[in-house]
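Colleague: Could you take me through one part of this model up close, the cavity and what lies around it? I'm new to this, so please keep it plain.

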Amino acid sequence: VTGVQTCALPICRFRSFLIEPPCTSFSPAAFPCVRSYKLPYGFCRENPKVMHGNCLAFRSLIIMRAGRRHRRPCGLEQPRRSKMAWLREWFSLVQSGAFSEAILAACQFGSIHQKEFRFLLHLIAVADVERRCTRDHPHVQIQGKYTEKSAIYTPEMGCHLAAAFKKAFRMQVHAEEPDWKLDGLESVVSNDLMLAAKWNEVESWVWKRSPHIKDR
């Protein structure tokens with residue numbers, strides 16, 4: 001979800017979500033500068049640019065609180081040095097113990113830039129998301145034509161985040177249904193299609209040993 005425009009999110013209809021509100025005035029590179037790390041709410045709250053940024057930030061943080069209330073794996077992403085992470089509301093979620101922060105460097109997933117992202121996470125393990133730069137390779141400086149493109153997730157990074165959410169789902173299901181076996185749930189799409197179809201038994205076999213997924 002990008003460019004959050006409303007806080008009226010029917011959260012109970014979602015299994016998870018990842019919010020990416022525009023950084024804009026919260027960026028340390030924003031010019032003209034309208035806020036600082038000491039004054040993350042803005043030098044003048046009546047400034048239209050400040051009001052717009054604050055509105056997006058507050059609504060995003062409210063949605064994260066709704067995710068906690070309904071126990072949905074969720075995340076809020078910003079550039080690592082975004083001043084949004086210096087808001088009291090952001091700090092309060094981390095200090096509550098129900099949320100944690102993870103840093104992810106795009107250069108670990110095929111990007112030519114070091115671009116680092118900060119994730120505020122709920123019910124998603126930090127270890128499954130965090131990948132910091134190993135500092136053993138060169139980077140292309142983010143400027144000019146690279147500025148906008150550097151914020152785009154690489155396919156590898158998208159798969160990495162998807163895997164973290166998938167693991168969170170499996171852990172949540174296991175916690176709610178400890179006796180339910182998760183074997184064979186490799187593809188959610190395939191499972192949903194097969195469960196929705198009507199099946200008639202034509203032939204059956206018996207294996208003397210435990211069958212492998214390829215034997216099924």
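Modeller: Sure! Let's begin with the walls. L18, F119, L121, V129, L161, A164 and F165 line the largest cavity. Keep in mind that this is a predicted model, so everything here is read from computed coordinates. By class, that lining is 7 nonpolar residues, with no polar and no charged ones. The space they enclose has a volume of about 30 Å³, and the structure holds just 1 cavity of 30 Å³ or more.

Now, which elements bring those residues in? Two of them, β4 (116–122) and α5 (155–176), each supply at least two residues of the lining. The top contributor is α5, which gives 3 residues.

Since β4 has come up, let's follow it into its sheet. This is an open sheet of 4 strands, in the order β1-β2-β4-β3, with mixed pairing. At the edges sit β1 (17–19) and β3 (100–105), each pairing on one side only. If you go from a strand to its neighbour, the turn between them is 25 degrees on average, ignoring direction. As a general point, strands of a sheet pair through backbone hydrogen bonds, and they can be parallel or antiparallel. Here, β2 and β4 run antiparallel, joined by 6 bridges. To find one of these on screen, look for C74, whose bridge partner in β4 is H122. A helix packs on this sheet too: α2 (residues 88–95) touches β2, β3 and β4. The direction of α2 makes about 55 degrees with that of β4.

The strand β4 also leads us to another space, the largest pocket. How much space lies in that pocket? About 750 Å³. It is lined by 22 residues, and the closest to its centre are S27, P79, K115, S150 and A151. Both β2 (74–79) and β4 supply at least two residues of this lining, with β2 giving the most, 3 residues.

Try setting the two linings side by side by class. In the pocket, the residues divide into 9 nonpolar, 7 polar and 6 charged, whereas the cavity has 7 nonpolar residues and neither polar nor charged ones. And β4 is part of both stories: this strand supplies at least two residues to the cavity lining and at least two to the pocket lining.

How values were computed. Residues numbered from 1 in each chain as written. Predicted model: local features only at pLDDT ≥ 70, side-chain atom pairs only at ≥ 80, totals over all residues. Heavy atoms only, no water. 1 Å grid on protein atoms, 1.4 Å probe; cavity = no way out; pocket = protein on both sides within 12 Å on 5 of 7 lines; lining within 4 Å. Points joined across faces, edges and corners; volume = space filled by probe spheres on them. Nonpolar A, V, L, I, M, F, W, Y, C, P; charged D, E, K, R; others polar. Pairing = 2+ DSSP bridges. Axes fitted to C-alpha atoms, helices over the stretch in contact; angles between N-to-C directions. Contact = heavy atoms within 4.5 Å.
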